[in-house]
Amino acid sequence: MEKKNAAEVDNEKEMYSSSGELLPYSDKYVPDEELDPTADEPNSSDERYNEIFNKSKHKTRLWSLISFVFALASVALCFFGWIGLAFAVCAVVMSFVSRRLLGYFDGFAVAGLICGIFGVVFSAVKIIIEMVM
């Protein structure tokens, strides 16, 4: 059996909590009772945080809502060819702009993206049929 020095024994102790659970790798041992799950969350009473968060949330929701409206218009206007295609492309682009500002696809942005893709396909089919006939 191999002997371990004091530093190796201390390192092994740091990998387990007092209840025996394996901790994620860290250089320093933190007892379970000192861990605060809300430590990284911003303080909701901070006025500056709320001002920035609410403005950016509203802006991105607006982009996703506009994307959804344009997508519905593109599906409704897809039988007019180029007009429906223009609305559909705008809907898809606005959906990605909304995702970029918010950080994830919101419900209206997903609906705008899906309907916009349908609008592109239907409008493209209509344009191709017009060219052939």
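# Briefing on a four-helix predicted model

Of the 133 residues in the protein chain, 20% count as buried. The model is a predicted one. Its protein chain holds four helices and zero strands, and the order of elements from the N terminus is α-α-α-α. The points below take up the overall surface and contacts, helix α3, serine 123, the salt bridges, phenylalanine 108 and the aromatic pairs.

**Overall surface and contacts**

- About 10100 Å² of the protein chain is exposed, and 65% of that area is supplied by carbon and sulfur atoms.
- Among contacts in the protein chain with a separation of 6 or more, 55% are accounted for by residues 24 or more positions apart.

**Helix α3 and its end**

- Helix α3 covers residues 82-102, which makes 21 residues.
- At 1.5 Å a residue, helix α3 should span 30 Å, and this agrees with its end C-alpha atoms, which are 30 Å apart.
- The buried residues of α3 are Gly84, Leu85, Ala88, Ala91, Val92, Met94, Ser95, Ser98 and Leu102.
- An α-helix has 3.6 residues a turn, so residues three or four places apart point the same way.
- Just after α3, glycine 103 adopts a positive phi of about 100 degrees.

**Serine 123**

- Serine 123 belongs to helix α4.
- Serine 123 counts as buried because its relative accessibility is 0%, against a cut-off of under 20%.
- With neighbours within four places in sequence left aside, serine 123 is in contact with Cys78, Gly81, Gly84 and Leu85.
- Two of these partners, Gly84 and Leu85, also appear among the buried residues of α3.

**Salt bridges**

- A search of the whole structure yields two salt bridges.
- In one of them, the side chains of aspartate 106 and arginine 61 meet at 3.1 Å, N to O.
- Aspartate 106 is in the loop between α3 and α4, while arginine 61 is in helix α2 (residues 47-76), so this pair ties together parts that are 45 residues apart in sequence.
- Aspartate 106 counts as buried, with a relative accessibility of 5%, whereas arginine 61 is partly exposed at 37%.
- A salt bridge also joins the side chains of lysine 126 and glutamate 130, at 3.6 Å, N to O.
- Lysine 126 and glutamate 130 are separated by about one helical turn, because they lie four residues apart in helix α4.
- Both residues of this pair are partly exposed: lysine 126 has a relative accessibility of 26%, and glutamate 130 has one of 44%.
- Side chains of opposite charge can pair when their charged atoms come close.

**Phenylalanine 108**

- Phenylalanine 108 is placed in helix α4 and counts as partly exposed, at 30% relative accessibility.
- The C-alpha atoms of phenylalanine 108 and arginine 61 are separated by 7.9 Å, although the two residues are 47 residues apart along the chain.
- Apart from neighbours within four places in sequence, phenylalanine 108 is in contact with Arg61, Ser64, Leu65 and Phe68.
- Arginine 61 therefore takes part both in the salt bridge with aspartate 106 and in a contact with phenylalanine 108.

**Aromatic pairs and a charge over a ring**

- With ring centres required to lie within 6.5 Å, the count comes to four aromatic pairs.
- Phenylalanine 96 and phenylalanine 105 form an edge-to-face pair, because their ring centres are 5.6 Å apart and their planes stand at 75 degrees, where over 60 is the criterion.
- Phenylalanine 96 is partly exposed at 43% relative accessibility, and phenylalanine 105 is partly exposed with a relative accessible area of 31%.
- The rings of phenylalanine 118 and phenylalanine 122 have centres 5.9 Å apart and planes at 25 degrees, so this pair is stacked.
- Phenylalanine 118 and phenylalanine 122 both sit in helix α4 (residues 107-132), four residues apart, which is about one turn of the helix.
- Phenylalanine 118 is partly exposed, with a relative accessible area of 45%, and phenylalanine 122 is partly exposed at 40% relative accessibility.
- Arginine 99 lies over the face of phenylalanine 105, 5.9 Å from the ring centre.

Methods. Residues are numbered from 1 along each chain as its sequence is written. This is a predicted model: local features need pLDDT of at least 70, side-chain atom pairs count only at pLDDT 80 or more; totals for chains, interfaces and linings use all residues. Side-chain values use heavy atoms; hydrogens and water are left out. Rings of Phe, Tyr and Trp (its six-membered ring) pair if their centres lie within 6.5 Å; planes under 30 degrees apart count as stacked, over 60 as edge-to-face and the rest as tilted. Buried means under 20% relative accessible area, exposed over 50%, partly exposed in between (1.4 Å probe, protein chains only). Helices (H or I, at least four residues) and strands (E, at least two) are DSSP runs, numbered from the N terminus. A charge sits over a ring if NZ of Lys or CZ of Arg is within 6 Å of the ring centre and within 35 degrees of the ring normal. Contact means heavy atoms within 4.5 Å. Accessible areas come from the Shrake-Rupley method with a 1.4 Å probe; for residues, only the protein chains shown count as cover. The expected span of a helix is 1.5 Å times one less than its number of residues. A salt bridge is a side-chain nitrogen of Lys or Arg within 4 Å of a carboxyl oxygen of Asp or Glu.
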